[in-house]
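Dear colleague,

Please find below the structure that I am handing over to you, together with its sequence. My findings follow directly after it.

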Amino acid sequence: MNIVRSVGGKLAGLVLTLFLASLLVFFSRFLVPGDPLSFLLRGRKPSPEAIAAVTEQYGLNLSPWEQYLKWIGGIFTGDFGRSMQYRQSVSEVLLDRLPVTLGLVIIAGLLITVFGLAAGILAAVKRGTWVDKTVVVTLTAFGAIPSFVAAVGFIALFAVQLGWFPSFGSGEGFWDTVRHLILPSAALALVYVVLIGKVTRSAMVEQLGREHVEVATSRGLSPAAVVRRHVLRNAVGPILTVSGMLVAGLLVSSSIIESAFGLSGLGSLLVQSVDRLDFPVVQAIVLLVVAVFVAVNAVVDLLQPLVDPRTVAGAGAR
Amino acid sequence: MTAPVISNVPEPSSVEPTAHRPAPRVRWRTPRWMRGTVLVWIAAVVLVAAVLAAVFAPWLAPNDPDRIDLMNQYASPSAAHWFGTDSLGRDLLSRMMHGARTALLGPLLVVIGSTILGMLLGLLAAWRGGWVDAVLARLFDLLFAFPALLLAILAVALFGKGLVAPVIAMAIAYAPIVARLTRQLVLAEKQRAYVSAYRVQGFGGGWIALNRVLPNVTPVVGAQSTLNFGYVLAELAGLSFLGLGVQAPQSDWGSMINEAQVGLLSGHYLPAIIPAVAVVLVVVAVNILGEEFAERIGGNKA
Amino acid sequence: MSLLEISQLTLDLPGGKRLLHGIDLSVEPGRTVGLVGESGSGKSLTARTALGLFPERAVLGGSVRVDGVEVLGLAGPALRALRRRDVAMVFQDPRAGINPVRTLGDHLTEALRLGEGVSGEAARKRAMELMEAVRLPRPEKHFHQYPHELSGGQLQRIMIAGALMGNPRLLVCDEPTTALDVTTQAEIVRLLATLRDERGMGMLFITHDLGLAGALCDDVVVLAGGRVQERGDMAAVLAAPAAEYTRRLVAATPSLHLDDAPVVSLPDAGRLAGAGGRHEAGPATGGAAAGEAPDGAASAEATAGTRAGDDAVVPAEPAVPSAPAAGATAGTGAGDDAVVPLLRVDGVSRTYAVRGKDPVTAVADASFAIPRGAALGVVGESGSGKSTLARMVVGLETPDRGTITVAGKDRTGTPRGREERLAHARSVQMVFQDPYLSLDPRIPVHRAVRDAAALHAEGRDPAKVATELLDRVGLTVEQQAARPRTLSGGQRQRVAMARALAVQPELLVMDEATSALDVSVQAQVLELVTQLRAERGLTVLFISHDLGVVRRVCDETLVLRRGEIVEAGPTAALLDHPAHEYTRLLLDSVPRPDAGWRLAG
């Protein structure tokens with residue numbers, strides 16, 4: 001890919017990826033053999049009016065490309081169509097569910113940043129010692145715990161056995177909500193703490209082996225200054241890149257956590273909509289996840305030159 | 001669930017072109033103490049046990065996994081039911097053994113499918129370069145935006161519940177991870193003079209790619225794919241946990257945990273803990289073996 | 001009291017492996033001590049102890065004193081103060097040694113600011129002074145630049161300036177010019193000598209290059225296998241090395257001088273001519289090879305050697321490159337159309353598109369020819385286009401313009417189709433630069449050679465061919481069965497040569513084939529090349545950055561600069577009486593302990 005990696009190029013890439021993703025999400029429906037109307041109305045006994053409404057909404061009597069244009073045009077005006085299971089528009093349903101997921105992801109993000117970085121830095125600085133070994137073993141062990149297992153385990157231990165946190169629901173008011181979200185966030189964060197911890201450690205250990213670190217040491221800098229200015233600073237790039245890649249997984253994992261903890265967020269909505277054959281909602285959530293992922297990674301890409309000046313050089317004259 | 005994405009981001013250490021010269025071994029290396037030895041053997045034993053249980057479940061299982069016995073709900077472990085029974089009085093051990101079949105077969109198919117597909121695409125991208133590489137790179141970028149679990153959920157939404165659609169979807173979702181690694185390795189190999197040397201000797205490009213370069217990258221790609229197995233297992237189990245995968249009455253570790261959730265609140269932990277422990281054990285075992293495998297291969301590269 | 005006094009220094013790795021076996025060494029103020037040895041000799045390890053730098057968990061014994069203060073066991077603030085004020089080090093590769101994500105100003109000033117509590121402004125002023133002292137063109141600008149914006153030579157100046165920030169009395173230099181081009185190396189070494197004299201610093205100079213040590217150092221310590229082999233006055237050791245190891249090292253060091261270049265004059269020149277090196281000057285006519293070179297008879301009539309006095313190897317038709325001014329036709333030789341040279345390169349150009357920048361011309365309108373059986377050296381610094389030239393000759397790249405013929409057949413560009421590929425392969429083979437990358441790691445050595453032979457079998461038994469060739473280049477049976485990773489660099493290059501010869505090429509291209517090897521190994525490989533040429537009448541295109549190496553192997557040499565041939569002619573003549581200023585600059589840049597290079601303090 002010889003596109004000059006300038007801002008313009010990146011934005012063009014972003015738009016292109018989003019466009020292709022929307023194609024994939026939309027036309028995936030056409031992979032299903034048979035009549036689109038019966039696919040969309042699976043499991044329901046629709047009235048003639050409902051059939052007419054769905055036909056009109058999806059433009060089923062139009063050509064596929066016209067259907068796509070109608071759909072994507074609607075999305076630009078905030079119209080994701082109508083939910084099959086609720087008597088609401090999809091966007092209303094999504095907005096209802098958004099806050100819980102947002103809170104979950106924000107708290108998990110904080111946990112991941114703090115604990116992941118701390119574990120990684122600690123292990124790297126103390127590399128080869130028992131501290132490093134302990135951290136690595138702990139991370140490896142936790143890394144093997146899928147989030148649904150973590151969710152079940154946390155409920156059994158902290159909610160049922162110890163009774164420290166509620167096991168179910170999302171609570172009322174700010175602090176109660178936070179209290180309800182702590183356990184789910186921790187279960188969601190667990191795997192990602194491990195991933196960020198490992199990446200931080202290996203990026204830092206890699207830098208520690210570099211000659212510029214030895215040069216800095218030979219100039220009489222204190223170990224703390226060497227780690228801060230030459231090891232951690234240089235490891236930020238890879239850590240940032242990996243973090244960006246993890247966003248999509250985090251969002252999807254929230255569907256498992258929300259289902260396990262009975263939270264009514266976007267994730268549990270996705271699962272529920274698949275279960276209840278509400279394809280418009282599924283389509284909207286998938287597209288949303290992809291859009292967030294693409295946007296976050298575009299931001300990471302744009303931040304990269306600030307972290308590593310060499311990436312600017314690649315942009316050249318353009 | 002466990003994010004697959006980690007394996008598509010090259011470990012920072014592999015981003016830099018590695019010097020192939022045997023450097024004086026004074027620098028600190030990856031910890032040796034974690035590999036070899038007892039741990040690997042335990043992992044191997046766990047995995048072999050799981051595989052045997054899965055393969056011979058119909059003959060080994062002491063009970064019919066689906067036989068409901070409402071007189072015997074939440075029975076404690078006993079001679080008749082080694083692991084006890086679940087909320088419907090079904091024998092947990094038998095359900096575990098039968099559940100192992102789907103739990104292991106799904107990931108195996110995904111790993112094999114994604115490895116074959118990914119290696120071919122990666123080799124094609126790296127060897128042909130130019131617009132082929134550009135188009136494939138764009139395709140991989142696109143697929144990265146769809147985490148495996150999301151693609152699997154979408155597949156279920158389209159084709160209905162079960163294992164087939166999610167397995168195919170996940171094989172596609174994992175393929176670009178393998179492909180990127182293959183591409184990166186093949187590009188590195190391409191830079192090495194031995195490839196030019198083959199060309200100068202008069203060997204054809206296709207022959208070099210398939211007979212010389214591909215075998216040289218296969219061990220590393222294979223080892224990395226092994227590491228994907230754990231992630232896939234966790235994700236497919238997660239799908240069952242959500243009720244979107246294997247359907248009742250067939251048993252699956254993920255759906256067993258899902259069914260056991262109700263009992264959890266009334267203090268019946270065993271039906272949830274046993275499949276949960278099994279999932280974690282198998283994932284750990286596969287990861288230990290995969291890392292051992294990867295490490296040995298890494299050490300063999302001269 | 002000595003500035004640096006190392007006595008009975010030992011170093012053991014945690015595994016128990018001893019790397020240094022009781023090193024003694026001292027540096028007096030204002031003096032320069034050369035620490036010479038090949039890779040793995042322990043020279044870097046030894047020098048680094050002066051700054052209290054050693055591998056983690058290594059166990060040290062003996063004593064290292066700087067100005068009477070014991071460094072071993074020094075820790076914390078005291079050690080850091082020593083590194084900031086007393087001893088500083090210039091590292092080998094500035095590209096790796098300066099943090100790529102921080103500004104150069106930050107690199108220069110951080111130790112002063114953070115360690116000594118000097119204000120940012122004062123540290124900046126000091127950095128400006130030192131950037132002037134190391135003769136960097138624009139200190140103000142460089143202060144805010146990042147490493148990737150500067151050239152290697154400029155970066156090494158930054159590295160030196162950084163080392164001098166704390167006004168050290170001892171400067172340790174670890175191969176500070178190895179990563180640089182010859183001409184840049186000369187500038188940096190001269191700069192170091194000047195700075196040392198101005199500041200009266202003591203210097204410990206690590207190098208693998210005896211010539212360089214001879215130019216710069218007062219005293220020398222020769223190290224091998226973690227032991228001191230020889231020590232003494234630099235000039236005395238060079239003139240009369242006492243230890244066996246030093247003698248070998250001195251003998252192996254390539255030199256520009258005719259009298260101490262032992263290999264070049266082929267004793268079997270006559271045999272060479274008979275074996276297939278046709279159209280040489282002198283009486284050799286006819287013979288088996290005449291059929292291959294259709295105009296062999298005519299060639300015999302070519303005027304006798306341009307370099308009377310040298311052996312007959314040198315072709316009467318000098319491999320005259322048509323220097324741009326001379327016109328393209330000169331490549332054929334002085335109007336002697338009858339002679340068909342083995343390799344003929346005619347007006348070849350190659351330009352690379354670089355994204356975001358102007359296209360780079362790697363080779364511009366190059367024309368030259370090599371007679372059958374001759375060896376032509378191509379000399380140039382990195383970026384001169386010499387490797388591109390080699391890759392075009394062997395068909396790995398296609399020239400934008402111009403033609404390449406081997407033995408009268410067109411071999412321009414990458415071959416298409418099986419027939420063309422095989423034909424091209426039989427015309428030209430190549431030995432690549434890096435022995436660690438040029439063999440397939442998975443394929444045992446014997447099989448690699450056998451595969452090549454099998455592809456071009458022509459009735460031969462490939463296994464037998466492989467065995468013969470590998471025997472010839474000196475590999476034992478066990479080594480032949482082994483995979484490349486168990487072999488040393490020198491052995492690998494021998495395998496690469498055997499593999500190339502298995503194809504039975506008419507022309508062998510060697511692209512920096514010995515530059516990754518230690519001097520003594522390099523000497524052996526060069527000797528092998530010379531022997532094989534004599535035995536098989538091989539025609540060789542020898543590409544190198546090292547004039548001394550070319551001097552050993554090649555009859556004719558041409559000098560490339562930025563893709564253009566600036567000078568060409570018989571090697572000896574060219575080295576003794578360079579006509580072009582760039583050739584002179586290259587020659588002057590080769591360190592040697594004589595006039596113009598007398599930099600010892």
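Over all chains, the count of salt bridges comes to 41; please bear in mind throughout that the model is predicted. Side chains of opposite charge can pair when their charged atoms come close. One such pair is A:Arg229 with C:Glu110, at 2.8 Å from N to O. This salt bridge crosses between chains, running from helix α10 of chain A, which holds A:Arg229, to helix α4 (residues 104-115) of chain C, which holds C:Glu110. A:Arg229 counts as buried because its relative accessibility is 8%, and C:Glu110 is likewise buried, with a relative accessible area of 3%.

A second pair lies within chain B, where the side chains of B:Glu259 and B:Arg90 meet in a salt bridge of 3.2 Å, N to O. B:Glu259 belongs to helix α10 (residues 253-265) of chain B and B:Arg90 to the loop between α3 and α4 (92-128), so the pair ties together parts that are 169 residues apart in sequence. Of the two partners, B:Glu259 is partly exposed at 31% relative accessible area, whereas B:Arg90 is buried at 7%.

A third pair is found in chain C: C:Asp400 and C:Arg350 form a salt bridge at 3.4 Å, N to O. Since C:Asp400 sits in the loop between α14 (386-393) and β14 (401-406) of chain C and C:Arg350 in strand β11 (residues 343-352), this bridge ties together parts that are 50 residues apart in sequence. Here C:Asp400 is partly exposed, with a relative accessible area of 42%, while C:Arg350 is buried, with 17%. Salt bridges that share partners also join A:Arg229, C:Arg102, C:Asp106, C:Glu110 and C:Arg113 into one network.

I turn next to the interface of chain A and chain B. In this interface, 69 residues of chain A are in contact with 53 residues of chain B. The two chains bury about 5300 Å² between them, and 78% of that area is on carbon and sulfur atoms. The rule finds 1 salt bridge across this interface: A:Asp275 pairs with B:Lys161, with the closest N and O atoms 2.3 Å apart. Polar contacts across the interface, with both residues at pLDDT 80 or more, amount to 3 residue pairs. On the side of chain A that touches chain B, at least two residues each come from α1 (7-27), α6 (130-143), α7 (147-161), α8 (174-208), α10 (223-261), α11 (266-275) and α12 (279-307). The most is given by α10(A), with 12 residues.

As for chain B itself, there are 11 helices and 0 strands. Of its 302 residues, 56% count as buried. Among its contacts between residues at least 6 apart in sequence, 72% join residues at least 24 apart. The accessible surface of chain B comes to about 12600 Å², 68% of which belongs to carbon and sulfur atoms.

Chain B also carries a nonpolar surface patch of about 690 Å², made by B:Val48, B:Val51, B:Leu52, B:Val55, B:Phe56, B:Trp59 and B:Leu60. Both α2 (37-55) and α3 (57-60) of chain B supply at least two residues of the patch, and α2(B) gives the most, with 4 residues. One of the patch residues, B:Val48, is placed in helix α2 and counts as partly exposed because its relative accessibility is 47%.

With kind regards

Conventions:
Residues are numbered from 1 along each chain as its sequence is written. Chains are lettered from A and ligands numbered from 1 in the order in which they are written. This is a predicted model: local features need pLDDT of at least 70, side-chain atom pairs count only at pLDDT 80 or more; totals for chains, interfaces and linings use all residues. Side-chain values use heavy atoms; hydrogens and water are left out. Buried means under 20% relative accessible area, exposed over 50%, partly exposed in between (1.4 Å probe, protein chains only). Contact means heavy atoms within 4.5 Å. Accessible areas come from the Shrake-Rupley method with a 1.4 Å probe; for residues, only the protein chains shown count as cover. Patches are made of residues with over 30% relative accessible area and no salt bridge: like charges are joined within 9 Å, nonpolar side chains (Val, Leu, Ile, Met, Phe, Trp, Tyr) within 5 Å. A salt bridge is a side-chain nitrogen of Lys or Arg within 4 Å of a carboxyl oxygen of Asp or Glu. Buried area is the accessible area (1.4 Å probe) that two parts lose on being put together, summed over both. A polar contact is a pair of N or O atoms within 3.5 Å; within protein, one must be able to donate a hydrogen and the other to accept it, and residues adjacent in sequence count only if both atoms are side-chain atoms.
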